[in-house]
Amino acid sequence: MIRLNTTEELEELRQEILSRRDPEKPCISICAGAGCLASGAGEVIAAFRSEIEKHTLTVVVDIKGTGCPGFCERGPVVVIYPEEICYLQVTPKDVPEIVSKTIIEKQVLDRLVYVDATTGEKAIHEYDIPFYKNQVRNVICNNIKIDSKSIDDYLAIGGYSALAKVLSGMTGKEVTEEVKKSGLRGRGGAGFPTGKKWEGSRNDPEKTKYVIVNADEGDPGAFMDRALLEGNPHSILEGLIIGGYAIGANEGFVYVRQEYPLAVVNINLAVIQAEKYGLLGKNILGSGFDFIVKVHQGAGAFVCGESTALMTALEGKAGEPRPKYVRSNIKGLWNKPSVLNNVETWANVPIIINKGADWFTQIGTESSKGTKIFSLVGKITNTGLVEIPMGTTLKDIISKIGGGIPGGKKFKAVQTGGPSGGCIPEEQLDLEVGFEELTRAGSMMGSGGMIVMDEDTCMVDVARYFINFLTDESCGKCLPCREGLRQMNKILTNITEGKGKEGDIELLEVLSETAVEASLCALGKSAPNPFLSTLRYFRDEYEAHIREKRCPALYCKELIRYYIDAEKCSGCMICLKKCPVGAINGEKKKIHIIDQEKCTNCGTCFEVCPARFGAVKKISGEPLPSPVPEEERIITR
Amino acid sequence: MTEILLQIDGKEVRAREGMTLLEIAQSEGISIPKLCHHEKLIPFGGCRLCIVEVESGSSKKLVVSCVYPGEENLVVRTRSEKIDRIRKTLLELLLAHAPNSPELQDLMQEYGADKNRFEKEASFCIHCGLCVRYCAEVKKLNAVGFVDRGINKEICFIPEIACAECHKCMECFPLCPTSWLQAVFVLTEGLAFSTNSSVTQSKE
């Protein structure tokens, strides 16, 4: 590798890389993100390599492991260039046929392309698939175009051109102004205006300053930062270097959670590659600007995603938050001005610099600009990462992109904003996604988790689940969060177990007020949200649990009973054989009966009873029908 | 040093810039309850009992006085219905751990807290961190520390340091609001120091 000494040399290198590449050369790109790897992408890549070798096509066909394109539901995802044919759920067994038919004979394999479940229409190209078609993929789009381990791939798609633009013709102040003008707001949770944060640090007279990437993504079900860091680590690095230049910092940190091993590998590799080209280090591209980056691995604490706790951990101490009455962009890491932004925020920076603030402000709403990546999970047909312009309605995200709720179930609520976000009910689905809009609805933007829940979800249990998670993750420094959540967790658990009592809701409200008003950090202040938002929209469910010992969603194990409908049971013995505790009595052609004393409410009988009978019933809060007398159990129908 | 003028509970107060609200209030003889504060230690902001209301211009918010710096023209209220309600709940959460602590009982009377509101927890430490921070910041010994995280966090003596240092110091004992610290030490001593001759000899 050569060291680049000027922006011209960077351009020359880019042209040289491009001249070596033929856009018409066939390329098989396979998603090598964590999701697809878990569904076997590693084996698929290996199979392609050996198959291509077998056909002696190694020289004429490229194979690439790329970043995550987001359609995790249908992984491993394979895209074949130059035709851009997209194959889904590819297994190693499909590989020989793909090579012989698609690569050699240029035929499309119908069985591997996307088929719309409702219309039956096929989509050959990625951009024709409704999941992608309805998105605006400004940030995550490059994941699929590059080998996440190759800096040359990043340069080939224009990488580091924003850095070159900044270093060759903009002052730090101009860069800050441009970001400020773009209206970009932090993608990590609070939505603080990024440019304003930079400006505060920039204007501080202190000489030593820091810029930090917060890649401690800990929300259950959220993986957008992981996808960006794994798939396109150089874009984050480029954003960080630009940020360092803008505020006058010569040192940057990437705080990445150790639970993301591939992200750790890829960002470390990216740093080494950038150093070799001289895009990090002394006198970057001859500009006189020095900048280094250190990668720091988190040790598995959710609270370290909170900015002050993250900085305390970077300092080598236990990751606990500290009071923030003086903002960390003025007194942050080692008490120096420190700009900490989320992965996705940094990834937006090179785009803003390249395309301009005016372009960026055209996307989104009045107060929330640009696009936002959400990880759409839960009871949704198309699980995956979706990038949409701010202002898109929740309904569009769930039905147009997400493909609705599977199994003909009814939508109940969508939880946004991570564990301390809130649940939004059906009547608010027209809500346009934006920072203020989500907060007004009792939830928040958070870092972009979006969990869809159907009618089988118990909202009290949802609150219990998240409060339990947060109790576990509380750092314990301040009392309202540590002890308050512990008590809330106990009360909510009691309610879901049928041990709720009058006054519990009021007590939970008092504990919530205490945590919201008196906690030290944002984690504690927002922790009661799962309870508060479910109470706001689903109070009747709390009351049913407490007063009638009834779970309306038929979910809470302690509050439901199973029985076999005598009219529908055909005496097929399936449930009887599958019952793990031998609680079902009966014989062939004789009505089966559940022994309620032995039953553990595991639900196996309910799941295995053939749909054409539907004889196993689940009830809550109502009396069980008395079993058919022994002599009447013989089925004659 | 610049002097600032602010108001606490309706009283005009002069203070040095950089002083926390708690320090300013204390210097004026205004009492604010606190459990994790100690004048020799860096403010911690853990127990949150010293919560007060501040008003500046049109904005009003609750802050913790032991870490919040005084500002010119700030209007501070140390008691209100809401503040008292929050302090009462905080005390009740602590009383689930240490129902017999004299310090907590005094505050319990003042704020009308119910020591049986929450189910009792069999751990007497209320995580104020006074012992840990005093040993680290004042004595510079780190003989006692925190282990684990969140609700599982406990204080723990480091045997190697404690057996050499603690018997001649014990300055942390009177700091503990629940006396639990002393029990932990005695337990550690019984389990870990019994073979150490220096401790045994010093006792004899």
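## Close-ups of a two-chain predicted model

**View 1. Where chain A meets chain B.** In this contact zone, 24 residues of chain A touch 22 residues of chain B, a contact being two C-beta atoms, placed from the backbone, within 7 Å of each other. On the chain A side, the elements giving two or more residues are α18, α19 (479-496) and α20 (504-518). Helices here are DSSP runs of H or I with at least four residues, strands are runs of E with at least two, and both are numbered from the N terminus. The largest share of that side, eight residues, comes from α19(A). This is a predicted model: local features need pLDDT of at least 70, side-chain atom pairs count only at pLDDT 80 or more, and totals for chains, interfaces and linings use all residues. Residues are numbered from 1 along each chain as its sequence is written, while chains are lettered from A and ligands numbered from 1 in the order in which they are written.

**View 2. Helix α18 of chain A.** This helix covers residues 459-473, 15 in number, and reaches 21 Å from its first C-alpha to its last. That is close to the expected 21 Å, worked out as 1.5 Å times one less than the number of residues. Of the 15 residues in α18(A), 13 are buried, meaning that 20 or more other C-beta atoms lie within 10 Å of the residue's own (12 or fewer is exposed, anything in between is partly exposed).

**View 3. The open sheet of chain B.** Five strands line up as β2-β1-β5-β3-β4, with mixed pairing; two strands count as paired if DSSP finds at least two bridges between them. At the edges sit β2 (11-16) and β4 (59-64) of chain B, each pairing on one side only. Strand β1 (residues 3-8) of chain B runs parallel to β5 (residues 75-77) of chain B, over two bridges. Which residue of β5(B) is the bridge partner of Q7(B)? Look for V75(B).

**View 4. Two nonpolar cores.** The largest core has 229 residues, and V213(A), I242(A) and C131(B) have the most contacts inside it. A core here is a set of buried Ala, Val, Leu, Ile, Met, Phe, Trp, Tyr and Cys residues joined through C-beta atoms within 7 Å. A second, separate core has 14 residues, among them I564(A), I591(A), C605(A) and C609(A). Back at I242(A), and leaving aside neighbours within four places in sequence, its contacts include A162(A), L163(A), V166(A) and V349(A). As for C131(B), it is one of the buried residues of helix α4 (residues 130-138) of chain B, along with R133(B) and Y134(B). Following α4(B) comes K140(B), with a positive phi near 55°.

**View 5. Two cis prolines in chain A.** G75(A) and P76(A) are joined by a cis peptide bond with omega about -10°, and P76(A) lies in the loop between β2 (62-66) and β3 (78-81) of chain A. Another cis bond joins Y81(A) and P82(A), with omega about 5°. P82(A) belongs to the loop between β3 and β4 (85-87) of chain A.

**View 6. Positive phi without glycine.** Y160(A), not a glycine, has a phi of about 65° and lies in the loop between α6 (151-156) and α7 (161-169) of chain A. Is Y160(A) buried or exposed? It counts as buried, with 28 C-beta neighbours inside 10 Å. D9(B), in the loop between β1 and β2 of chain B, has a positive phi of about 45°. With 14 other C-beta atoms within 10 Å, D9(B) is partly exposed.
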